[in-house]
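Reader: I should be grateful for a close look at the salt bridges in this model. Please take them pair by pair and set each in its surroundings.

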Amino acid sequence: MDVLVPLLQLLVLLLTLPLHLMALLGCWQPLCKTYFPYLMAVLTRKSNRKMESKKRELFSQIKGLMGASGKVALLELGCGTGANFQFYPAGCRVTCLDPNPHFEKFLTKSMAENRHLQYERFVVAPGEDMRQLADGSMDVVVCTLVLCSVQSPRKVLQEVQRVLRPGGVLFFWEHVAEPQGSWALMWQQVVEPTWKHIGDGCCLTRETWKDLEKAGFSEVQMERQPPLFKWLPVGPHIMGKAALICFLPSLQGT
C-alpha cells in the first residue's frame, strides 16, 4: 500500500494537471477564494440537514455559560457562511473570524436571518494570528470544519486558549482521517494533494483529536461520527467541547 499511494497520487495529478499548473503559477488561489464560499454555502446546507439534532444538542450548552447577564461573547472561528448561527441561543454576541473576505456577504445574509443574535464584527485573519482579539475576551469559541485547513492546528488552539476567559469553552466539529491501515485512508492519501487545491487548503488525513488532546485544555470531551457524504473523500467527524476549567458536565447529560 505504501508503494501504491505515490503511484496513484501521480495518476491523479496527471488527470488534474491544469489545476496544479494554475496553482503553481499563482492563478488558482484567487479563483478558489472567490468560488469557495459558494461551494460551502451548498455543502453546509446539506450537512446542517444531516447534523441538525447533533448541532442543537451541542450548542444548546452555550446557555449555561451566560450567567446573570444573559449574554455570552462568542467567537466563530473560520465562520464561513454563518451556517451555525441558527443553532446559537439568543443572547450571543457573535464575532466572526475568517481569512477569506469573500464570506462577508454570506455572513450578512445569515445574520439577517438570525435576528436573535447580536453581530459584533467580522475580522479577516487566520486562526493562527488573532491579535485583533484581546486576551480572555471570549466566553465561547466555535470551530467547525476549520482545523482541517489551517496551517498549524497547534497554533490555532493556542490562540483559542488565549482569547478564552477562564472557564470558557471551545465547541468543535471537525472531519478527521480514516483509521490507520484502511483502504479509505489510502484513498484519502491519494486524493489529498489535489483536494487541498479544491478545498482551499483542506487536509483529509489530519488526526485532529490528537491536537485537541495535547493542547492543554482541562478536559476534552468528544464523540466520533461517520462520514456525512459517501461521495466525498472527507472521512469521519469528531464533535465535542474543550474547556479551561477542571470540570465539564457530560455531553449526554445536557
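Author: A salt bridge is here a side-chain nitrogen of Lys or Arg within 4 Å of a carboxyl oxygen of Asp or Glu. The model is predicted, and a search of the whole structure yields nine such pairs.

One of them joins Asp200 to Lys33, with 3.3 Å between the closest N and O atoms. Asp200 belongs to the loop between helix H6 (183-198) and helix H7 (208-214), while Lys33 belongs to helix H3, so this bridge ties together parts that are 167 residues apart in sequence. Since buried means under 20% relative accessible area, Asp200 counts as buried at 14%. Lys33, at 21%, is partly exposed.

A further pair is formed by Arg56 and Glu52, whose closest N and O atoms are 3.2 Å apart. Both residues lie in helix H3 and are four residues apart, which places about one helical turn between them. Arg56 is partly exposed, with a relative accessible area of 37%, and Glu52 is likewise partly exposed, at 35%.

The side chains of Asp135 and Arg162 also meet in a salt bridge, at 2.6 Å from N to O. This pair links distant parts of the chain, 27 residues apart: Asp135 is in the loop between strand E3 (118-124) and strand E4, and Arg162 is in helix H5 (residues 153-163). Asp135 is exposed, at 59% relative accessible area, whereas Arg162 is partly exposed, at 24%. With Glu159, these two residues are linked in a network of salt bridges.

Technical notes. Residues numbered from 1 in each chain as written. Predicted model: local features only at pLDDT ≥ 70, side-chain atom pairs only at ≥ 80, totals over all residues. Heavy atoms only, no water. Helix = DSSP H or I, 4+ residues; strand = E, 2+ residues; numbered from the N terminus. Buried < 20%, exposed > 50% of the residue type's maximum accessible area, 1.4 Å probe, protein only.
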